[in-house]
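Me: I've just opened this model and I'd like to go through it bit by bit. Let's take it one question at a time.

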Amino acid sequence: TQGLLGVGNAVIDWEEGFASSTISPSKWKVLSSGMTGPIATPNVVVLNANNILTASSYALLSSWRTFETGRGSDRVIGWRVRVPSIVLGAVVEIGMLSATTIATPITGAFFRIDADGILKGVAIDAAGAEVMTSPMSIPDVLTAHDWVIVVGKNVVYFQIDDVIVGSITTGSVSASPVLVESAPAMVRCYNATATATACQVH
């Protein structure tokens with residue numbers, strides 16, 4: 001604001017590589033119904049490893065810790081994730097959000113591949129409503145990608161592999177870009193309806 005240059009350092013306050021054959025229960029919770037969510041191979045968590053197709057089945061991986069989105073600084077949330085196929089009737093959410101079972105998230109900023117197979121960025125605003133970006137191109141399903149969300153003072157940016165693919169601004173009347181200024185890191189998949197093939201998240 002004073003027109004001066006400053007030096008800002010990124011501070012990593014959470015990192016998890018899943019470099020073992022089990023998920024640490026002190027850091028993460030895995031909730032599921034029908035679907036499973038184990039570490040299938042070292043460093044890879046597979047949600048719905050058992051290929052469940054039935055409606056209302058779900059699996060989610062959520063940090064116990066919540067992350068604040070403090071005003072005046074940026075909160076960066078990043079996941080390295082592969083969605084091996086886009087399944088109609090299934091929903092995938094990646095980012096920082098608070099949700100249980102297959103219920104609508106109550107707060108957060110996250111990517112969503114919806115039941116129609118459309119990828120958008122979502123932020124839950126100060127009024128509790130979901131605000132979405134325009135549809136985005138879905139990245140190559142054969143490889144893992146870096147899904148990054150930056151929650152700033154009055155804007156949320158969505159990046160895939162270091163390219164900004166969408167943004168949401170709060171406008172002049174919103175106090176914050178998200179409803180509750182803290183949420184866990186989470187990845188979730190669930191079947192909104194019965195599916196013909198299995199939705200997985202790696």
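Me: Trp28: buried or exposed?
Reply: First, this is a predicted model, where local features need pLDDT of at least 70, side-chain atom pairs count only at pLDDT 80 or more, and totals for chains, interfaces and linings use all residues. Residues are numbered from 1 along each chain as its sequence is written, and side-chain values use heavy atoms, with hydrogens and water left out. Buried means under 20% relative accessible area, exposed means over 50%, and partly exposed is in between (1.4 Å probe, protein chains only). Trp28 has a relative accessible area of 5%, so it's buried.

Me: And Trp14, what does its relative accessible area make it?
Reply: Trp14 has a relative accessible area of 26%. That's neither under 20% nor over 50%. So Trp14 is partly exposed.

Me: How many aromatic pairs does a search of the whole structure find?
Reply: Rings of Phe, Tyr and Trp (its six-membered ring) pair if their centres lie within 6.5 Å; planes under 30 degrees apart are stacked, over 60 are edge-to-face, and the rest are tilted. With that rule, the search of the whole structure gives a count of five.

Me: What kind of pair do Trp14 and Trp28 form?
Reply: Trp14 sits in the segment before β1 (28–33) and Trp28 in strand β1, so to speak distant parts of the chain, 14 residues apart. Strands (E, at least two residues) and helices (H or I, at least four) are DSSP runs, numbered from the N terminus. The two ring centres are 5.6 Å apart with the planes at 75°, so this pair is edge-to-face.

Me: What is the angle between the planes of Trp14 and Phe67?
Reply: Phe67 is in strand β4 (residues 58–68), 53 residues from Trp14, and it counts as buried at 6% relative accessibility. The rings of Trp14 and Phe67 are 5.7 Å apart, centre to centre. The pair is edge-to-face, and the angle between the planes is 80°.

Me: Which residues do ring pairs link into a cluster?
Reply: We've already met Trp14 paired with Trp28 and with Phe67. Add one more Trp and you have the cluster: Trp14, Trp28, Phe67 and Trp79.

Me: Which residues touch the most other members of the largest nonpolar core?
Reply: A nonpolar core is a set of buried Ala, Val, Leu, Ile, Met, Phe, Trp, Tyr and Cys residues joined through side-chain atoms within 4.5 Å. The elements giving two or more residues to the largest one include β4, β5 (75–81) and β6 (90–98). Out of its 38 residues, the ones touching the most other members are Trp79, Ile94 and Phe111.

Me: How many residues are in the other core?
Reply: This other core lies apart from the largest one. Among its members are Leu60, Leu97, Val122 and Ile124, and its total is seven residues.

Me: Which strands stand at the edges of the open sheet of seven strands?
Reply: Two strands pair if DSSP finds at least two bridges between them. Here the order is β1-β4-β13-β6-β7-β8-β9, with antiparallel pairing. Two of the strands have a single partner each, so one side of each is left without a neighbour in the sheet: β1 and β9 (130–132).

Me: How many bridges join β7 and β8?
Reply: Strand β7 covers residues 107–113 and strand β8 covers residues 119–124. They run antiparallel, and Arg112 stands opposite Lys120 in β8. The number of bridges joining β7 to β8 is five.

Me: Why is β11 largely enclosed by the rest of the structure?
Reply: β11 pairs with β10 in the antiparallel sense over five bridges. Another six bridges join β11 to strand β12 (residues 163–169), also antiparallel. β11 is largely enclosed because, of its six residues, the number buried is five.

Me: Which residue in the turn between β11 and β12 has a positive phi?
Reply: β11 and β12 form a hairpin with two residues between them. The phi is about 55°, and the residue is Asp161.

Me: Which side chain has a polar contact with that of Ser57?
Reply: Ser57 is in the loop between β3 (44–45) and β4, and at 5% relative accessibility Ser57 counts as buried. A polar contact is a pair of N or O atoms within 3.5 Å; within protein, one must be able to donate a hydrogen and the other to accept it, and residues adjacent in sequence count only if both atoms are side-chain atoms. At 2.7 Å, the partner of Ser57 is Thr54.
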